[in-house]
Amino acid sequence: MTEKVLIIGADGFIGKYVTKLLEKDFVIEKFQEDALTVDWNVYISQSKPQYLINLAWRTGQGYLDSYENVLFLKSGIALYDAFYKNDSYR
């Protein structure tokens, strides 16, 4: 069985390089939905990844004081919480 890696931000600046490095050894699932509105508990319980990489972040002009990045941080905490609660890493 090949292990699955869920990558949030897989098509971003860093994500595309991380994805390319991992795709030869893992099944890559690129998260394509809105990371700020998804129910992570439902998503993780259905996807069942063994690994998780969260690279969601806004870049560009104004990113240093972007409130959207605060929301990405909050969503990321919910993501990791769902990952842990669903025993995805075991």
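This short presentation covers a few residues and one helix pair in a predicted model.

Good morning. I shall begin with a glutamate, E29, and then turn to its surroundings. E29 sits in strand β2, which spans residues 27-31. Is the residue buried or exposed? Its relative accessible area is 18%, and because the cut-off for buried is under 20%, E29 counts as buried.

Which residues does E29 touch, once its neighbours within four places in sequence are set aside? The contacts are K4, V5, L6, I7, Y43 and S47. Two of these partners deserve separate mention. The side chain of K4 forms a polar contact of 3.3 Å with the side chain of E29. The side chain of S47 also makes a polar contact with that of E29, in this case at 2.5 Å.

Let me now take S47 as the point of view. This serine belongs to helix α2. Its relative accessibility is 10%, and S47 is therefore classed as buried. Residues up to four places away in sequence aside, S47 is in contact with K4 and E29. K4 thus appears in the contacts of E29 and in those of S47. As for a residue elsewhere in the chain, V18 is 29 residues from S47 in sequence, and their C-alpha atoms are 20 Å apart.

The next residue to consider is K48. It is located in the loop between α2 and β3, the latter covering 51-54. With a relative accessibility of 54%, K48 counts as exposed, whereas S47 counts as buried at 10%. What is the phi of K48? The value is near 55°, which is positive in a residue other than glycine. As background, most residues other than glycine have a negative phi.

I move on to the packing of helices. Two packed helices are described by the angle between their axes and the distance between the axes. How do α2 and α3 compare with that description? Helix α2 comprises residues 40-47 and helix α3 residues 67-85; their axes come within 9 Å and cross at roughly 45°. That angle makes α2 oblique to α3. The crossing of α2 past α3 is right-handed.

Which residues form this contact? From α2 there are W40, N41 and I44, and these meet S75, A78, L79, A82 and F83 of α3. By character, the residues of the contact comprise six nonpolar and two polar, with no charged residue.

Also in helix α3 is K74. This lysine is exposed, with a relative accessible area of 51%. The C-alpha atoms of K74 and L36 are 8.6 Å apart in space, while the two residues are 38 apart in sequence.

Finally, I turn to a glycine. G12 is placed in the loop between β1, residues 4-8, and α1, residues 15-22. Its relative accessible area of 29% makes G12 partly exposed. How far apart are the C-alpha atoms of G12 and F72? Their separation is 14 Å, for residues 60 apart along the chain.

To close, I return to the starting point: E29 is buried, and its side chain has polar contacts with the side chains of K4 and S47. Thank you for your attention.

Definitions and conventions
Residues are numbered from 1 along each chain as its sequence is written. This is a predicted model: local features need pLDDT of at least 70, side-chain atom pairs count only at pLDDT 80 or more; totals for chains, interfaces and linings use all residues. Side-chain values use heavy atoms; hydrogens and water are left out. Helices (H or I, at least four residues) and strands (E, at least two) are DSSP runs, numbered from the N terminus. Buried means under 20% relative accessible area, exposed over 50%, partly exposed in between (1.4 Å probe, protein chains only). A polar contact is a pair of N or O atoms within 3.5 Å; within protein, one must be able to donate a hydrogen and the other to accept it, and residues adjacent in sequence count only if both atoms are side-chain atoms. Contact means heavy atoms within 4.5 Å. Axes are lines fitted to C-alpha atoms, for helices over the stretch in contact, and angles run from 0 to 180 degrees between N-to-C directions. Angles under 35 degrees count as roughly parallel, over 145 as roughly antiparallel, 65 to 115 as roughly perpendicular and the rest as oblique. A crossing is left-handed if the near helix is turned anticlockwise from the far one by less than a right angle, and right-handed if clockwise. Ala, Val, Leu, Ile, Met, Phe, Trp, Tyr, Cys and Pro count as nonpolar, Asp, Glu, Lys and Arg as charged, and the others, Gly among them, as polar.
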